[in-house]
Amino acid sequence: MSVAVVLFTSDLRLHDNPVLRAALREADEAVPLFVRDDAVHRAGFDAPNRLAFLADCLADLDAGLRHRGGRLVVRRGEPAREVKRVAEESGAASVHIAAGVSGYAAGREERIREALAGTGRELRIHDAVVTALAPGRVVPTGGKDHFAVFTPYFRRWEAEGVRGTLTAPRAVRVPDGVTGDPLPERDTVKNLSPGLARGGEEAGRKLVTSWLHGPMAGYEDGHDDLAGDATSRLSPHLHFGTVSAAELVHRAQEKGGPGGEAFVRQLAWRDFHHQVLAARPDASWSDYRPRHDRWRADEDEIDAWKSGRTGYPLVDAAMRQLAHEGWMHNRGRMLAASFLTKTLYVDWRVGARHFLDLLVDGDVANNQLNWQWVAGTGTDTRPNRVLNPVIQGKRFDPRGDYVRRWVPELAELEGAAIHEPWKLEGLDRAGVDYPEPVVDLAEARARFERARGLD
């Protein structure tokens with residue numbers, strides 16, 4: 001019986017998984033393998049919220065495999081070493097893995113290749129499946145290796161088209177004799193956000209169905225409505241690969257309409273960031289476009305931002321949502337990032353690290369490059385724009401319902417007044433247990449413009 005090893009990474013699903021299907025076409029039996037990488041722990045990327053969501057995903061993947069006659073083998077250690085061991089134990093002739101986009105993923109692939117060298121086993125690296133269109137599939141003319149501006153990328157992305165999707169396999173035969181560690185359990189993870197969502201392919205596919213047949217129709221007009229919460233909330237599932245970005249594109253296009261078109265564009269934005277990081281792995285922590293910033297590091301202001309006590313209600317609401325859910329509305333992310341990097345003029349890496357500590361969808365490509373986009377060190381064609389939290393609040397939370405949900409001490413304030421509580425006077429102000437603004441917006445903007453040489 002021929003055997004192949006399938007190393008799952010960010011593709012924890014059975015539906016539309018080209019890597020798994022390729023292994024099953026090639027071999028009579030397959031070993032579905034997931035390695036809990038010690039390097040992820042050493043780097044501090046195994047944040048509690050993602051560990052818990054991962055536990056859900058692995059349990060669901062194992063259940064799906066068992067339903068098809070198979071099982072998931074979980075090991076802990078260095079991936080190359082564990083892959084080699086499993087290949088030897090199972091007598092596998094090949095190892096299949098989806099390409100990654102980060103510098104770490106590239107290094108992992110090289111270490112696996114080196115570990116298998118001389119063993120007669122082949123490493124087969126497939127196109128990245130965490131995106132709809134693989135990074136590097138489209139490149140600009142003139143010899144450049146990636147698009148640095150979204151609009152021309154999106155035109156080529158649309159013209160290229162997304163690969164077809166695959167059904168889940170009916171059966172997965174796993175050879176005897178290959179043992180693994182117990183599955184991790186969500187209940188053993190401490191310090192979780194109280195409102196953390198459940199993970200796994202089953203939960204993800206149910207969310208996809210409810211999204212496509214309901215809220216997506218209003219996405220074009222409602223995606224910035226903070227109180228309406230009219231976004232898909234699929235980002236954690238896309239990050240872990242429990243749902244397929246390619247399948248999402250096809251299904252959204254089939255539904256059509258302005259909402260579907262707007263949603264597909266956002267999926268293309270996600271692909272855009274992955275192709276940037278694949279071409280420039282150091283952009284995960286280095287400025288993509290240096291602005292020679294001399295960032296401030298006021299710890300009191302940074303702590304106020306992290307804890308949702310800046311005195312600017314919309315910023316604080318967004319940061320409190322992050323702490324409670326391990327997730328934040330996209331408009332809130334943009335505003336919180338702008339406030340830290342341009343109003344407080346703090347290094348974007350400080351904010352990106354805090355987000356990675358909490359976000360269940362903490363994705364290096366999207367988190368870091370979105371932070372750079374907002375900070376003006378990334379791909380934004382207007383790098384010096386500053387989002388005003390008062391104006392943003394009145395525009396995207398006009399009745400103040402989002403703020404009331406997350407900043408309950410302001411719940412008694414009516415309408416747009418909730419976005420400027422410092423204007424209250426006398427007993428009205430004394431009766432509100434809410435901090436004064438940590439900074440004056442006009443002064444902060446002037447400081448930022450001086451720092452960027454715009455004055």
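**Exercise 1.** In this predicted model, determine how many residues of strand S4 (residues 94-98) are buried, and which of them point one way and which the other.

*Solution.* Strand S4 is mostly covered, with 5 of its 5 residues buried. The cut-off for buried is under 20% relative accessible area. Next, sort the side chains by direction: Ser94, His96 and Ala98 point one way, while Val95 and Ile97 point the other way. In a regular strand, side chains alternate between the two faces of the sheet.

**Exercise 2.** State which strands pair with S4, and in what sense.

*Solution.* Start with strand S1 (residues 3-7), which pairs with S4 in the parallel sense over 4 bridges. Within this pairing, Ala4 has Ser94 of S4 as its bridge partner. Then take strand S5 (residues 122-126): S4 and S5 also pair in the parallel sense, over 5 bridges. Here Arg124 in S5 stands opposite His96.

**Exercise 3.** For Asp16 and Tyr345, give phi, the location, and whether each is buried or exposed.

*Solution.* Asp16 is not a glycine, yet its phi is positive, about 45°. Asp16 lies in the loop between S1 and helix H1 (18-26). With a relative accessible area of 0%, Asp16 is buried. Tyr345, a residue other than glycine, has a positive phi near 55°. The loop holding Tyr345 runs between helix H14 (330-343) and helix H15 (348-358). Tyr345 counts as buried because its relative accessibility is 4%.

**Exercise 4.** Identify which residues gather in a surface patch of negative charge, and place Glu158 in its helix.

*Solution.* The patch consists of Glu158, Glu220, Asp221 and Glu261. Of these, Glu158 belongs to helix H6 (residues 150-160).

Methods:
Residues numbered from 1 in each chain as written. Predicted model: local features only at pLDDT ≥ 70, side-chain atom pairs only at ≥ 80, totals over all residues. Heavy atoms only, no water. Patch = residues over 30% accessible without salt bridge, like charges linked within 9 Å, V, L, I, M, F, W, Y side chains within 5 Å. Areas by Shrake-Rupley, 256 points an atom, 1.4 Å probe, with all protein chains shown as cover. Salt bridge = Lys/Arg side-chain N within 4 Å of Asp/Glu carboxyl O. Lys, Arg positive; Asp, Glu negative; His and termini not counted. Charge placed at Lys NZ, Arg CZ, Asp CG, Glu CD. Helix = DSSP H or I, 4+ residues; strand = E, 2+ residues; numbered from the N terminus. Buried < 20%, exposed > 50% of the residue type's maximum accessible area, 1.4 Å probe, protein only. Pairing = 2+ DSSP bridges.
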